[in-house]
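Q: Please take a close look at one loop residue in this model, then work outward from there. What surrounds it, and how does that fit the rest of the chain?

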Amino acid sequence: MEFKATYGQSIYDICLMTYGDFKYLYKLMLDNNIVGPNDTNLNGKVLVYLQFPDGALCKIGSAPVKQGTESFNVVDGDK
């Protein structure tokens, strides 16, 4: 799945919107090369992650998204 950050969003906002829990904050930062929780260079950054049916999470990469859009793509976790 993909999430495109917009102006003013913090990594905390994005963590809750993507993973739904702050316990995955470090994973989100590590998987997406975010330096720290005070990183302000998130505007327009696409964060990509995968949620399997059992709830396990796994990053699959990052991809550019057209300016001004949000993209949420489901990726088959069995492949």
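A: Q9 sits in the loop between β1 (2-4) and α1 (11-18). The model is a predicted one. Is Q9 buried or exposed? Q9 counts as buried, because its relative accessibility is 16% and the cut-off for burial is under 20%.

The side chain of Q9 has a polar partner. One of its polar atoms lies 2.8 Å from the backbone nitrogen of T6. Beyond four places in sequence, Q9 is in contact with F3, K4, I14, M17 and L42. Two of these names, I14 and L42, return in the core.

The largest nonpolar core has 13 residues. Which of them touch the most other members? They are I11, I14, L28, I34 and L42. Helices α1 and α2 (25-31) are the elements that give two or more residues to this core. In soluble globular proteins, nonpolar side chains tend to be buried together.

I34 gives a view of the core from one member. Leaving out residues up to four places away in sequence, I34 touches I11, L28, M29, D39, L42, K45 and L47. The list mixes core names such as I11 and L28 with D39 and K45.

L47 leads back towards F3, a contact of Q9. L47 lies in strand β2 (residues 46-48). L47 counts as buried because its relative accessibility is 1%. Not counting neighbours within four places in sequence, L47 is in contact with M1, E2, F3, I14, L28, N32 and I34. How many residues separate L47 and F3 in sequence, and what is their C-alpha distance? They are 44 residues apart in sequence and 5.1 Å apart in space, C-alpha to C-alpha. I14 thus appears among the contacts of L47 and among those of Q9.

Next, helix α2 and its charges. K27 and D31 form a salt bridge, at 2.6 Å from N to O. The count for the model is one salt bridge. Why are these two side chains suitably placed along the helix? K27 and D31 are four residues apart in α2, so about one helical turn separates them. Their exposure can be set side by side. K27 is partly exposed, with a relative accessible area of 25%. D31 is buried, at 18%.

Now the surface. Y12, L16 and F22 make a nonpolar patch of about 290 Å². F22 has its place in the loop between α1 and α2. F22 counts as partly exposed because its relative accessibility is 45%.

Last, the whole chain. The protein chain has two helices and four strands. From the N terminus on, the order is β-α-α-β-β-β. Of its 79 residues, 33% count as buried, and both Q9 and L47 belong to the buried class. Among contacts with a separation of 6 or more, 50% join residues 24 or more positions apart. The pair L47 and F3, 44 residues apart, has a sequence separation in that range. The chain exposes about 5200 Å², and carbon and sulfur atoms supply 52% of that area.

Definitions and conventions:
Residues are numbered from 1 along each chain as its sequence is written. This is a predicted model: local features need pLDDT of at least 70, side-chain atom pairs count only at pLDDT 80 or more; totals for chains, interfaces and linings use all residues. Side-chain values use heavy atoms; hydrogens and water are left out. Buried means under 20% relative accessible area, exposed over 50%, partly exposed in between (1.4 Å probe, protein chains only). Contact means heavy atoms within 4.5 Å. Accessible areas come from the Shrake-Rupley method with a 1.4 Å probe; for residues, only the protein chains shown count as cover. A polar contact is a pair of N or O atoms within 3.5 Å; within protein, one must be able to donate a hydrogen and the other to accept it, and residues adjacent in sequence count only if both atoms are side-chain atoms. A nonpolar core is a set of buried Ala, Val, Leu, Ile, Met, Phe, Trp, Tyr and Cys residues joined through side-chain atoms within 4.5 Å. Patches are made of residues with over 30% relative accessible area and no salt bridge: like charges are joined within 9 Å, nonpolar side chains (Val, Leu, Ile, Met, Phe, Trp, Tyr) within 5 Å. A salt bridge is a side-chain nitrogen of Lys or Arg within 4 Å of a carboxyl oxygen of Asp or Glu.
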